[in-house]
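User: Please take a close look at the charged side-chain pairs in this model, and describe the surroundings in which they sit. I would like one connected account rather than a list.

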Amino acid sequence: MDYPWEDLTLSFSRTSMFPFFDIAHYLVSVMALKQQPGSVTVAWNNPLSSWLSAMLHCFGGGILSCILLAEPPLKFLTNHTNILLASSIWYIVFFCPRDLVSQGYSYKPIQMLAAGMKEVTRTWKIVSGVTHASSYYRNGWIVMIAIGWARGAGGAVVTSCEQLLRGDWKPAGNEWLKMSFPSKVTLLGSVLFTLQHTQHLAVSKHDLMFLYTIFLLMVKVRMMIKKNIPITFAPIEDTLSRMLFGWQQQFSWAEKKPDVKPSSNGTASSVSKPTTEGPGAAKRHAKKED
């Protein structure tokens with residue numbers, strides 16, 4: 001007997017990302033590039049440099065995962081269809097007459113639709129990264145987590161390196177020093193799919209893909225609607241930090257507490273340091289003795 005839930009999740013897991021979801025991913029990535037200061041000027045003065053930057057934004061996760069697995073970093077260039085599709089998106093975004101693409105993308109519903117479709121591709125990239133890493137290291141769950149994260153969020157790391165080469169690098173935007181919320185969510189997904197792949201998580205892959213994608217969509221929509229209220233893992237991170245790394249700090253605080261000495265009336269009083277009297281005080285004592 002087939003259950004509706006199983007049919008739904010199984011059909012969802014078999015959805016093809018090409019071409020519509022890939023188009024949304026390329027559109028959001030290229031628009032993020034265009035919103036950087038000076039990117040339009042670079043596109044007009046040096047189109048090849050702008051095109052290379054766009055390809056890094058679109059295929060950065062695949063490039064980073066290839067580097068980590070000692071595969072050719074230019075392996076993504078063998079997929080001619082996706083290269084032509086991403087190049088077409090880059091061309092119409094930067095060189096469309098009257099900037100019609102950017103004007104259409106400025107509407108909030110279109111942005112939410114494209115961003116939601118991009119989050120769907122994030123799930124597929126994480127799953128493909130974990131599966132691809134397991135073909136090299138069958139029991140290397142740390143490698144699976146790293147490659148799954150690289151596929152899903154490695155574009156931010158690669159583009160940071162590209163900004164460093166262009167001289168526009170900023171430490172605040174470095175994913176290694178300060179991970180963004182999408183990178184943290186991708187890391188969480190990579191851990192979950194690795195546990196599922198190694199059979200340490202009792203849930204089917206298509207169910208986990210569906211539930212994780214719904215979680216990504218809900219978070220993304222909420223972040224776009226309420227921009228002034230960012231979503232973070234700060235409470236969980238603070239709790240884990242205190243549990244795992246805060247013991248030594250608590251002991252150091254206890255050692256720095258001042259010594260307390262009981263007084264004659266039974267109450268506790270802190271030990272005070274002797275004070276030095278000035279010459280004026282010595283003269284007053286001498287007059288009292290006279």
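Analyst: Two residues are said to be in contact when heavy atoms of theirs lie within 4.5 Å. What is described here is a predicted model, not an experimental structure. Within this model, if one takes the contacts between residues with a separation of 6 or more, 71% of them come from residues 24 or more positions apart. The protein has 290 residues, of which 37% count as buried, and its secondary structure consists of 13 helices and 2 strands.

Turning to the charged pairs themselves, the count comes to 3 salt bridges, on the rule that a side-chain nitrogen of Lys or Arg lies within 4 Å of a carboxyl oxygen of Asp or Glu.

The pair formed by D99 and K34 has its closest N and O atoms 2.6 Å apart. This salt bridge links distant parts of the chain, for its two partners are 65 residues apart, with D99 in the loop between α5 (80–95) and α6 (100–105) and K34 in helix α2 (residues 20–34). The two side chains do not fall in one accessibility class: D99, with a relative accessible area of 30%, is partly exposed, whereas K34, at 14%, is buried. K34 is classed as buried because the limit for that word is under 20% relative accessible area, and D99 is called partly exposed because its 30% lies between that limit and the 50% above which a residue counts as exposed.

In the pair made by E71 and K75, the closest N and O atoms are 3.6 Å apart, a value that still satisfies the 4 Å rule, so the pair is counted as a salt bridge. Here it is the acidic partner that is buried, E71 having a relative accessibility of 9%, while the lysine, K75, is partly exposed at 39%.

The remaining pair, R122 with E119, has a separation of 2.9 Å between the closest N and O atoms. Both residues belong to helix α7 (residues 108–136), where they are 3 residues apart, about one turn of the helix. In this case R122 and E119 are both buried.

The helix that carries this last pair also packs against another helix. Such an arrangement is described by the angle between the two axes and the distance between them. For α7 and helix α10 (residues 205–225) the angle is about 145° and the axes are 9 Å apart, and α7 passes α10 in a right-handed crossing. Sorted by class, the residues of this contact comprise 13 nonpolar, 5 polar and 5 charged ones.

A further link between parts of the chain that lie far apart in sequence involves W5, a residue of helix α1 (residues 4–13). Apart from its neighbours within four places in sequence, W5 is in contact with D207, F210 and L211. W5 and D207 are 202 residues apart along the chain, yet their C-alpha atoms are separated by 8.7 Å. W5 is nevertheless partly exposed, with a relative accessible area of 38%.

As for covalent links between cysteines, a search of the whole structure finds 0 disulfides. Two of the cysteines, C58 and C66, are buried, the former at 4% relative accessibility and the latter at 7%.

A few backbone features complete the picture. Most residues other than glycine have a negative phi, and most peptide bonds are trans. Against that background, A70 has a positive phi of about 60° although it is not a glycine; this residue is found in the loop between α4 (47–68) and α5, and it is exposed, with a relative accessible area of 72%. Q199 likewise has a positive phi without being a glycine, here of about 65°. Q199 lies in the loop between α9 (181–197) and α10, and its relative accessible area of 72% makes it exposed. Finally, the peptide bond that joins F18 and P19 is cis, with omega about 0°, and P19 lies in the loop between α1 and α2.

Conventions: Residues numbered from 1 in each chain as written. Predicted model: local features only at pLDDT ≥ 70, side-chain atom pairs only at ≥ 80, totals over all residues. Heavy atoms only, no water. Helix = DSSP H or I, 4+ residues; strand = E, 2+ residues; numbered from the N terminus. Buried < 20%, exposed > 50% of the residue type's maximum accessible area, 1.4 Å probe, protein only. Axes fitted to C-alpha atoms, helices over the stretch in contact; angles between N-to-C directions. Left-handed = near helix turned anticlockwise from the far one by under 90°. Nonpolar A, V, L, I, M, F, W, Y, C, P; charged D, E, K, R; others polar. Disulfide = S-S within 2.5 Å.
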